[in-house]
Amino acid sequence: CAILPPSIRLKGAIYYPTSLQALYQAAQNMTTGHFVDSCKSIDINSQEQLQNFKESQVSSSHGGKKYWADCAKALGIIEMEQGGLCYGSTSFKIP
């Protein structure tokens, strides 16, 4: 959906997380909302797998936020001082 013109994108097609900690929630919104409920660009098998995951999901103690933030750092994504994320240099190493 990201390649579609903004005027015809369905709800939740694109998220712009403003911090590393917000990546996890954005991913959750995409996988349990847009991809399952409205996306026409994802194949039915993938939608069914995501729906099964959504239905079997168990609440966690926010461990996912740190994992997503750490992985983003490892890929070179940094938080900008004025807000938002971008690729930049980082000294973060994958354990």
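# Close-up views of a predicted model

**Figure 1. The whole chain, with three helices and two strands.** This is a predicted model, and going from the N terminus its elements line up as α-α-α-β-β. The protein has 95 residues, and 25% of them count as buried. Looking at contacts with a separation of 6 or more, 43% come from residues 24 or more positions apart. On the confidence side, the average pLDDT is 81, and 85% of the residues score at least 70. Strand E1 (residues 77–79) comes out highest with a mean of 92, while H2 sits lowest at 83. A word of caution for any view like this: where pLDDT is low, the predicted coordinates should not be read in detail.

**Figure 2. The largest pocket and what lines it.** This pocket has a volume of about 210 Å³. From the part of the chain up to residue 17, the lining takes in Ala2, Ala13, Ile14, Tyr15 and Pro17. Further along come Leu23, Ala26, Ala27 and Met30, followed by Trp68, Cys71 and Ala72. Two helices supply at least two lining residues each: H1 (22–37) and H3 (63–74). H1 gives the most, with four residues. As for chemistry, the lining is made up of twelve nonpolar residues, with no polar and no charged ones.

**Figure 3. Ala2 and Ala13, two lining residues of the largest pocket.** Ala2 sits in the segment before H1, and Ala13 belongs to the segment before H1 too. Their surroundings are another matter. Ala2 is exposed, at a relative accessible area of 51%, which puts it just past the 50% cut-off. Ala13 is buried, at 9%. Eleven residues separate the two in sequence, yet their C-alpha atoms are 6.5 Å apart. Setting aside neighbours within four places in sequence, Ala2 is in contact with Arg9 and Ile14, and Ile14 is itself part of the pocket lining. With the same kind of neighbours left out, Ala13 touches Cys1, Met30 and His34. Ala2 also has a C-alpha to C-alpha distance of 9.8 Å to Ser41, although the two are 39 residues apart in sequence.

**Figure 4. His34 and its contacts in helix H1.** This histidine is buried, with a relative accessible area of 3%, so it falls under the 20% cut-off. What does His34 touch once neighbours within four places in sequence are left aside? From the start of the chain there are Cys1, Leu10, Lys11, Gly12 and Ala13. Asn29 and Cys39 complete the set. The Ala13 contact links this view to the previous one, where His34 turns up among the residues touched by Ala13.

**Figure 5. Thr32, another residue of helix H1.** Thr32 counts as buried, at 17% relative accessibility. That value is under the 20% cut-off, so the label holds. For a long-range reference point, look to Asn52, which is 20 residues away along the chain. The C-alpha atoms of Thr32 and Asn52 are separated by 9.8 Å.

**Figure 6. Gln47 in helix H2 (residues 44–56).** Is this glutamine buried or exposed? It is buried, with a relative accessible area of 14%, and the reason for the label is that this value is under 20%. Not counting residues up to four places away in sequence, Gln47 touches Phe35, Val36, Cys39 and Ile42. Cys39 is a shared partner here, since His34 is also in contact with Cys39. Keep in mind that H2, the helix holding Gln47, is where confidence is lowest, at a mean of 83.

**Figure 7. The salt bridge between Lys66 and Asp70.** How many salt bridges does the structure hold? There is one. It pairs Lys66 with Asp70, and the closest N and O atoms are 2.6 Å apart. Both residues lie in helix H3, four residues apart, or about one turn of the helix. Lys66 counts as exposed, at 52% relative accessibility, because that value is over 50%. H3 appears in the pocket view as well, where it supplies at least two residues of the lining.

Conventions. Residues are numbered from 1 along each chain as its sequence is written. This is a predicted model: local features need pLDDT of at least 70, side-chain atom pairs count only at pLDDT 80 or more; totals for chains, interfaces and linings use all residues. Side-chain values use heavy atoms; hydrogens and water are left out. On a 1 Å grid over the protein atoms alone, a cavity is a set of points where a 1.4 Å probe fits but cannot get out, and a pocket is an open set with protein on both sides within 12 Å along at least five of seven lines; lining residues have an atom within 4 Å of a point. Grid points are joined across faces, edges and corners, and a volume is the space filled by probe spheres set on the points. Ala, Val, Leu, Ile, Met, Phe, Trp, Tyr, Cys and Pro count as nonpolar, Asp, Glu, Lys and Arg as charged, and the others, Gly among them, as polar. Buried means under 20% relative accessible area, exposed over 50%, partly exposed in between (1.4 Å probe, protein chains only). Contact means heavy atoms within 4.5 Å. A salt bridge is a side-chain nitrogen of Lys or Arg within 4 Å of a carboxyl oxygen of Asp or Glu. pLDDT is the predictor's confidence in each residue, from 0 to 100.
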